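Subject: Structure handover and what was found in it

Dear colleague,

Please find below the structure that I promised to pass on to you. My notes follow it, set out by topic, so that you can read them with the model open beside you.

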Amino acid sequence: MWYNSLIILKKRMNILISVNNVSLRYGAQKLFEDVNLTFTPGNCYGVIGANGAGKSTFLRILSGDIEADTGEINIGKNMRMSVLKQDHYEYDDFNVIQTVIMGNKRLYDISIEKDALYAKEDFTDEDGIKASELEGEFAEMDGWSADSEASSLLQGLGIPTSLHDKDVKELTGNEKVKVLLAQALFGKPGILILDEPTNHLDVKSIRWLQDFLGDFEGTVIVVSHDRHFLNEVCTHMVDIDFGKIKMFVGNYDFWYESSQLALSLMRDQNKKKEEKIKDLQNFIARFSANASKSKQATSRKKLLEKITLDDIMPSSRRYPFVSFTMEREVGNEILTVEDLNKTVDGVHLIKNLSFRVNKNDKIAFIGDELAITHLFKILTGEEVQDSGTFKWGQTITTSYFPKDNSHFFEDVSLSLVDWLRQFSVEQSEIYLRGFLGRMLFSGEEALKEAQVLSGGEKVRCMLSRMMLKEANVLILDQPTNHLDLESITSVNNGLRDFKSNILFTSHDHQFIETIANRIIEITKDGFRDRSMTYEEYIEEFYIK
């Protein structure tokens with residue numbers, strides 16, 4: 001009896017957060033109900049769900065920022081939770097190192113209180129006793145290493161020591177994001193709550209963060225649209241789907257593939273159970289072999305191997321259908337760019353850029369985002385270069401996805417059917433609805449006014465417009481912005497399967513890795529052009 005009680009007690013001690021019967025509604029809208037989950041140390045939980053499903057709201061419930069309608073959140077005793085702050089101006093009046101140390105509020109408060117005591121002119125015996133107590137607590141919390149740890153975190157995220165003593169308000173927006181991330185990571189918290197931590201991070205910083213979380217001994221709960229990041233760090237996925245929140249073992253790819261497998265098995269009800277189990281075993285074996293190289297790999301493999309047929313469930317998500325076809329194939333001459341230059345507001349963005357596009361090239365442009373946007377505008381005739389030339393082949397037709405699509409929708413009272421009709425040779429409603437339906441605008445949805453669409457809906461409309469054109473060269477400037485994971489996956493698959501040339505840029509690591517066979521990096525000093533995968537490029541030029 002005592003032995004069983006000890007096991008139960010040990011299990012409870014290993015639970016850092018428990019969610020019991022949590023529900024939340026906004027008016028008549030039900031976000032989720034009857035949520036029961038446990039989060040344990042050493043695991044990273046990726047929270048996923050369609051846009052508007054309540055991912056960020058769920059994180060705010062866990063962190064105590066908002067209160068659920070029913071249920072409770074229990075956190076382990078004396079367990080410190082750290083949350084990635086979203087207000088980039090909150091710490092403008094503090095210096096960078098101070099801001100990071102504020103990630104451990106108690107440690108920072110002790111430091112301030114100590115300094116105030118020692119600064120007193122009439123330092124009393126009582127003050128001395130209090131200062132001694134504070135010094136003891138400060139030492140227990142490893143306070144003497146605080147500056148060193150804060151500096152190390154900042155450098156890992158790409159903030160040089162020359163900026164550490166500056167006020168936060170002197171930093172750029174991207175630098176502020178990194179400081180707030182360092183603040184969340186500071187002081188070895190037991191629980192980390194991270195909402196979109198990779199936003200505005202460069203390749204090196206993301207790699208560093210992946211390694212940091214791989215070695216983190218506490219519990220990590222993260223929302224991210226970066227599938228590669230979720231695949232690298234997550235041991236579990238927490239799926240918010242149609243008012244329910246369920247937890248699954250594995251990273252994002254495992255969740256996605258297993259949900260697709262479950263859907264296939266469910267549709268084939270006549271298949272013998274033994275065959276289904278064999279399919280599952282083969283599937284799990286494949287993913288177990290590819291487990292992440294972090295310290296979590298062994299435990300993750302063991303978790304995967306324990307999965308049964310009943311644990312695999314189909315998702316009720318709807319995925320857009322993205323497929324690009326071309327009216328005619330490209331000829332031998334596609335695009336030649338020679339010594340192209342462009343200066344904007346006195347800044348020389350593009351310097352002597354030269355490259356030739358060959359058949360089957362799918363080129364990812366990385367580096368200076370502003371330079372890439374202006375390059376695409378030049379190639380599509382929206383802007384004029386300062387010097388240099390470019391020439392498209394006679395057989396080439398292009399379709400362009402701009403980073404800023406606002407002028408396509410502002411003050412446009414047309415229905416989506418009529419909006420799409422502007423760009424189509426075939427004018428019939430049935431034909432146009434077919435393209436809108438692929439992008440999840442069916443029935444009454446296709447009659448919405450274009451000007452009231454959300455950011456993600458506008459992107460899906462722009463993709464419908466691109467598919468209509470049947471061009472043989474696609475140019476896309478950040479097509480994954482504003483999209484949920486389902487739409488990103490669909491666009492990714494559609495571009496991967498496209499049989500002709502693509503010029504594109506994206507922040508999404510997996511998007512670039514699975515589409516591009518050539519990388520052109522544009523920097524302030526010029527450009528670098530290599531025929532290789534994105535991973536190969538990073539290994540060669542970014543990982544030392």
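I begin with G456, which counts as buried because its relative accessible area is 11%, under the cut-off of 20%. Please keep in mind throughout that this is a predicted model. G456 belongs to helix 16, which spans residues 455–469. Leaving aside residues up to four places away in sequence, G456 is in contact with H482 and L483. From G456 to N481 the C-alpha to C-alpha distance is 7.8 Å, while the two are 25 residues apart in sequence.

As for the chain as a whole, the protein has 544 residues, of which 49% are buried, and its secondary structure comprises 19 helices and 18 strands. Among the contacts with a separation of 6 or more, 69% are made by residues 24 or more positions apart. The accessible surface of the protein chain is about 26900 Å², and carbon and sulfur atoms account for 48% of that surface.

Another buried position that you may want to look at is N472, which is found in the loop between helix 16 and strand 15 (473–477). Its relative accessibility is 0%, and N472 is therefore classed as buried. The side chain of N472 comes to 2.9 Å from the backbone oxygen of T395. When residues up to four places away in sequence are not counted, N472 touches M326, R328, E329, V330, T395, I396, T397, F498, S500 and N501.

Turning to the charged side chains, the structure contains 26 salt bridges, and I describe some of them here. D508 and R227 form a salt bridge with an N to O distance of 3.3 Å. This pair connects distant parts of the chain, since D508 sits in the loop between strand 16 (501–505) and helix 18 (509–515), whereas R227 is in helix 9 (residues 227–233), and the two are 281 residues apart. Both of these residues, D508 and R227, are buried.

A salt bridge within one helix is the one between D109 and K105, whose closest N and O atoms are 2.8 Å apart. D109 and K105 are both in helix 4 (residues 105–118), with a spacing of four residues, or about one turn of the helix. D109 has a relative accessibility of 27% and is therefore partly exposed, whereas K105, at 58%, is classed as exposed.

R496 and D497 also meet through their side chains in a salt bridge, at 3.1 Å from N to O. R496 is partly exposed, with 41% relative accessibility, and D497 is likewise partly exposed, with a relative accessible area of 41%. Elsewhere, K30, E33 and K244 are joined into one network by salt bridges that share partners.

The strands deserve a careful look as well. One open sheet is made of three strands, which are arranged in the order 2-1-4 with antiparallel pairing. Strand 2 (29–39) and strand 4 (70–75) are at the edges of this sheet and have a single partner strand each, so one side of each has no neighbour in the sheet. From one strand to the next, the twist averages 20 degrees. Strand 1 (residues 17–26) pairs with strand 4 over five bridges in the antiparallel sense, and within that pairing S23 has T70 of strand 4 as its bridge partner.

Finally, there is strand 17 (residues 518–523), in which five of the six residues are buried, so that the rest of the structure largely encloses this strand. Strand 12 (residues 362–367) runs parallel to strand 17 and is joined to it by five bridges, with I366 standing opposite E521 of strand 17. Strand 18 (residues 526–530) is also joined to strand 17 by five bridges, but here the two strands run antiparallel. I519 has R530 in strand 18 as its bridge partner, and strands 17 and 18 together form a hairpin with two residues between them.

With best wishes,
A colleague

Note on methods: Residues are numbered from 1 along each chain as its sequence is written. This is a predicted model: local features need pLDDT of at least 70, side-chain atom pairs count only at pLDDT 80 or more; totals for chains, interfaces and linings use all residues. Side-chain values use heavy atoms; hydrogens and water are left out. A salt bridge is a side-chain nitrogen of Lys or Arg within 4 Å of a carboxyl oxygen of Asp or Glu. Buried means under 20% relative accessible area, exposed over 50%, partly exposed in between (1.4 Å probe, protein chains only). Two strands pair if DSSP finds at least two bridges between them. Axes are lines fitted to C-alpha atoms, for helices over the stretch in contact, and angles run from 0 to 180 degrees between N-to-C directions. Contact means heavy atoms within 4.5 Å. Accessible areas come from the Shrake-Rupley method with a 1.4 Å probe; for residues, only the protein chains shown count as cover. A polar contact is a pair of N or O atoms within 3.5 Å; within protein, one must be able to donate a hydrogen and the other to accept it, and residues adjacent in sequence count only if both atoms are side-chain atoms.
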